[in-house]
Amino acid sequence: MSVPLLDLRRQYAPLKAQCLAAMEEVADSQALILGPRTEAFEKAVAEYCGAPHAIGCSSGTDAQLVLLMALGVGPGDVVVTTPYTFFATAGCVVRLGATPVFVDIDPHTFNLDVRQLAELLNRTANVKAIIPVHLFGQCADMAAILDLGKTHGVPVLEDAAQALGARHPLGHAGALGQAGWFSFYPTKNLGAFGDAGMVVCHDDALAAKMRALRNHGMEPRYFHPLIGGNFRIDALQSAILHIKLPHLDSWSAGRRDRAAYYRREMERAGLLGHLTLPVESWPGGELQHIYNQFVVRTPRRDALRAHLTARGIGTEIYYPLPLHQQECFRYLGYKAGDFPESERAAQESLALPIFPELTEAEQAEVVAALAEFFTAA
Ligand SMILES: Cc1ncc(COP(=O)(O)O)c(C=O)c1O
């Protein structure tokens, strides 16, 4: 039996009639960009995560860009973040002429190491923002990070691209700091039928500025007090995402159930001495880790991946090269060894199949293939 890393068709099947009807409605209306469907979806996300404002954008990347533009991030500014994240987190900073400065991760959570963050903030000037990334669907240590932001007078902006729906003792991912953004890339827990994203924030003026910036800084029509871009979300994506949103919590719970199954069965198979399983940082809450990815670690990662691939089991490496070692960021002056935990995670981490429709038989197959690899060694 082959086991896909993700099979979106299984999510689509029960929603097909509803999605097609919504798509037909948008097509019939020919109101294709922004408009009432986007406004309704923005309101729903704002209510869902407890932020007063939500601004739909063309992708998670563009949501971040709009936010950084609205905050005036530019040349001479430093933005502090993790090197163990998707490229966009730092890419947007550089596109605006600012400089990303990295802090290593906590190896247990893959998220920003707050002790090192504190040290860096004490010795770094011109910090315009701190960007924690809630990697794989679990919040970074937001209480500590928000405290540091307050002490240094620096806004905390959450890259919640992978974490819409994740809870933290202080609230919802994305709504904990000054602002945050989500990606609706199809593989996310809430996925569009293409690219889409959203930024949420608490400040009225910031929200108004972002609404203008996502549409070429235009306010009113054909008058441009600001220079923005085309970062608008389509009505079709808004309509599809609005249909899916009410299912998000049960889908995330389904992912948690599958994570619990892996834990139980991997322990039963004697795998815990071979594999490091994801750690849950904020126990007690229901959806504190929503497992956008279930990422295990082993120094034998590449051989394990080859073994699983040969058994027809889908896996992925998030991420094989930390950002400070990327060719395009060489000018930043970092070198191998600067962020040892990120570099080690890049060598050791492997995402296993996880999605709400994954069957127990498929999970059993994954665990059996893992056991075969480690016990035959
Ligand atoms: C951590 C992180 N940040 C930013 C993004 C960018 O989102 P998008 O792909 O919607 O532009 C992603 C999505 O891939 C992500 O995983």
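Visitor: How many residues surround the ligand?
Guide: This is a predicted model, where local features need pLDDT of at least 70, side-chain atom pairs count only at pLDDT 80 or more, and totals for chains, interfaces and linings use all residues. Residues are numbered from 1 along each chain as its sequence is written. A residue is near a molecule or strand if its C-beta atom, placed from the backbone, lies within 6 Å of it. The closest are Ser59, Gly60, Thr61, Ala161 and Ser183, and the full number around the ligand is 15 residues.

Visitor: Which elements give two or more residues to the shell around the ligand?
Guide: Elements here are DSSP runs, numbered from the N terminus: helices (H or I, at least four residues) and strands (E, at least two). Two or more shell residues come from helix H3 (60-70) and helix H4 (88-95).

Visitor: How many residues does each domain bring to the contact?
Guide: The domain assignment gives domain 1 (8-103 + 110-246) and domain 2 (248-375); such bounds come from an automatic or database assignment. Two residues are in contact if their C-beta atoms, placed from the backbone, lie within 7 Å. The contact takes 26 residues from domain 1, and from domain 2 it takes 24 residues.

Visitor: Where does the largest nonpolar core lie?
Guide: A nonpolar core is a set of buried Ala, Val, Leu, Ile, Met, Phe, Trp, Tyr and Cys residues joined through C-beta atoms within 7 Å. This core has 101 residues, and Val66, Leu67, Met198, Val199 and Val200 touch the most other members. Helix H3 gives the most, with seven residues. Both domains give residues to the core, so it lies between domain 1 and domain 2.

Visitor: Is phenylalanine 136 buried or exposed?
Guide: Phenylalanine 136 sits in the loop between strand E4 (127-131) and helix H6 (142-152). A residue is buried if 20 or more other C-beta atoms lie within 10 Å of its own, exposed if 12 or fewer, and partly exposed in between, with C-beta atoms placed from the backbone. Phenylalanine 136 has 23 other C-beta atoms within 10 Å, so it is buried.

Visitor: What is the phi of tyrosine 291?
Guide: Most residues other than glycine have a negative phi. Tyrosine 291 lies in the loop between helix H9 (248-268) and strand E10 (294-297). It is not a glycine, yet its phi is positive, at about 45°.

Visitor: What is the omega of the peptide bond from glutamate 219 to proline 220?
Guide: Proline 220 is in the loop between helix H7 (204-213) and helix H8 (235-244). The bond from glutamate 219 to proline 220 is cis, with omega near -5°.
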